[in-house]
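I opened this model to look up one small sheet and its surroundings, and I note below what I found.

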Amino acid sequence: MSPPPIRSFFQSSVALNIGARFLALIIVFAFFAIFVEDGKFYTLRNLENIVRQSSVYATAALGMTFVIITAGIDLSVGSIIALAVVVVAWTLNIQIDGANGELVYLVHQYPFATPILACALAIGASTLVGLLNGALIVRLRIVPFIVTLGSMGIIRGLAKGIANERDIYPPEETWIGGLMDPTLTNKAKSGMIFPAGVWILILCIAVASFILKYTRLGRHVYAIGSNEETARLCGVPVGRTKLIVYALTGFFCALAGFMQFSYIGGVGQPTTGVMYELFVIAAVIIGGASFSGGEGSILGTIVGALIITILYMGGQQMGWPKWVQEMVIGGIIILAVAVDRLRHRKLA
Amino acid sequence: MRGIAKRFGATLALKGVDLKVAPGEILALVGENGAGKSTLMKVLSGAHAPDEGELFLDGEAYEPGNPLHARQSGVAMIYQELSLAPHLSAMENILLGIEPAQFGLVDWKEMKRLASEAMKTVGLDGVRPETPARALSIAQQQLLEIARAVALDSRVLVLDEPTSSLTSKDIEALFKLVRSLSERGISIVYISHFLEEVSELSHRFSVLRDGESVGEGITSETTEEEIIALMVGRDVDDLYPRSNRASSDVVLEVENLAGLSKPKSASFQLRRGEILGIAGLVGAGRTELLDAIFGLEPIASGEVTIESYSGVAGPKLRWEQGLGMVSEDRKTQGLAVGLSIADNLTLPQLDGLGPGRLVLPSRQDAASQTWIEQIPIKCESPRQQVNALSGGNQQKIAIARLLHADVDILLLDEPTRGIDVGSKAQIYRLIDSLARGDDESGTPPKAILLVSSYLPELLGICDRIAVMSRGILSDARPVDEWDEHTLMSAAIGQE
């Protein structure tokens, strides 16, 4: 018997999915490129800005992609980002007894180790709250929407508590604050092409795609979202997988938090990242994931994050009032999902 | 399996069942709906723990704590509703939970090799292992599930009504596969209503009736008639009232009705003052027939005529035309069990319960109270949650709702399923009195269409009975021309 014909990558439905999304990205970009005055939209600097801004959403959306593929949701991502931002600033702001008995900043005493400590603490705290989200969902069998709706408030409160409800201004600029520094206008950094934070994102994209595609964990994530009962019947560790997925979201939010910290100028602002959960969820959904689970891809999510950011920044540069921007982004989310549903119905 | 008993609340679903199957043997498990076949198989596959009795696998005590444990012990169950992950590829479905992997990394090459092997065994070698499960036909999906059992090296394979949604060509292929699996030493338990399948395929058979083993034997030494006799043999008690009813004018006429898949063809006339029964097996298309009449399912061809109207209609128009339906599944379709009796009872007819389009709770309660007393329904108040009532009383609310809406035609789908004998008797009396009407209060007789899988009940209370078999409804004949044997033969398509 002859082997079945192997369809090329470009004929596969996955490629078609991603292709359609790239097309949408190009259309949205072209729209603003044409209508924003004087070609300001496609200057290198503006492109860099788009990439910088979308990195925060995209990084957090990596974790959200895992969650939504399992048919879950995490509303607490905006709050976790704020928690990471605050923990970084708080650590950089620690004072200790110096050699002469007076108070000195830890970061002045140990300029190398303190930023690393700050990142480690932020990653630890964010991953832990993610893990707690997962534990409540798995152990108490509360639906993810409710658990993370609650933890969204709890974590935001925690961030404000740590910051004493004020912005924390660290005494020293560190490399964390410089993660998202533009590389185009800065001669010293122009060799990097992208800001360091964007490189972190690119690395994370590779790792997350690899996990989803090539590891048992990744395939179990799809299996759970596709048919949880079957996955359980077949011996997939459903509870453990979900725990890992929510913890992973916490981890990626910490990285997004570092970028946000830099993006807002190295300040520990406990009120940052409000409403980000909506942008992040929208990026994942526009990227082709389904709320009923089993579908979604990292590449799609990244395209989704870019579309959201371009709409947001393009709207600003068109001089649209904020209320128009908000309505347009809301409308696009519904439109994207509606088009997807129509396509699905045709397939079925 | 020895002396298996299982109790659900007050009902004893299994009363000490014995079942044996040898390696490489195909055992057919037969019995009427509700005889306990599915419960028995759920015990075998670890979904239910037995209250009494023991299970042995290869001579060793076997106590599956859950379906996963059963699968790992080598007992795989293929349910009517397939359990696949639709988004995953065929090969991933086959090896779900046992993916070949090193350090957590999936070995895709090995996965493809293992999956292809299993797919070849079940005759799926024409399908690419990368195809998502949802892109496969139902028959292919079923084979995929069997491939999963093969990949796990299962020793016992349970197939629950595997042919109910297959074409005859697919059935042929499935039979061939089942035989080749049995030749490899795998024990097969084959559950089926269809006796021609049983005699064609199985080596031995075992009959369950009312939760008991009532007979077993070598298939080739037994006639189908003997098996039918074992399946139905029981007494009809005098549970069933039958007052003097007089049927009059035709109120509902169904002509050559066909739905999208079922029913295929159904025609009958229903008269005021009569009870028309529809017998048949689960899945034959009876519920779909009622749904199509009531406008819940699209009609592909044919006509439903009520009075003089025969156009398309949704449920709202049907209610207005004096048609009401009690659906088969009380909990999920029939009643809003979290709401009060009054809310449920008045739902289809809220007009007149307050000024204008308002609905006053006090009027709802008063309207409900009338029916609670008249039927009667045992409850504390009209405000009580439906959840808190017994199955029998819940069913009475479902029927009372039709009376509140003042319908002329009642479509009743399995109205006595899952309720105790005492409540059944009350429901039969209620149905009888509705068909008779009441001259004193001037209540006209109603027309009743009754779908049931319980043959004694159909024979006990209906005036005429028609039988649905594989989507085709026979002519309705007077009840005294039927008995359980002829009904069962007609239902399994052997006239």
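**Sheet and a buried arginine**

I began with a single pair: B:V254 has B:V304 in β17(B) as its bridge partner. This is a predicted model, in which local features need pLDDT of at least 70 and side-chain atom pairs count only at pLDDT 80 or more, while totals for chains, interfaces and linings use all residues. Residues are numbered from 1 along each chain as its sequence is written, chains are lettered from A and ligands numbered from 1 in the order in which they are written, and side-chain values use heavy atoms, with hydrogens and water left out.

I then followed the strands (DSSP runs of E, at least two residues, numbered from the N terminus). β14 (residues 250-259) of chain B pairs with β17(B) in the antiparallel sense over six bridges, where pairing requires at least two DSSP bridges between two strands. The open sheet has three strands, in the order β15-β14-β17 of chain B, with antiparallel pairing. Because β15 (266-271) and β17 (299-306) of chain B each have a single partner strand, they stand at the edges and one side of each lacks a neighbour in the sheet.

Next I looked up B:R318, which lies in helix α10 (residues 315-320) of chain B, helices being DSSP runs of H or I with at least four residues. I find B:R318 buried (under 20% relative accessible area, 1.4 Å probe, protein chains only). B:R318 has no salt bridge (side-chain nitrogen of Lys or Arg within 4 Å of a carboxyl oxygen of Asp or Glu), and B:E303, the nearest side chain of opposite charge, is 10 Å away.

How values were computed:
Buried < 20%, exposed > 50% of the residue type's maximum accessible area, 1.4 Å probe, protein only. Lys, Arg positive; Asp, Glu negative; His and termini not counted.
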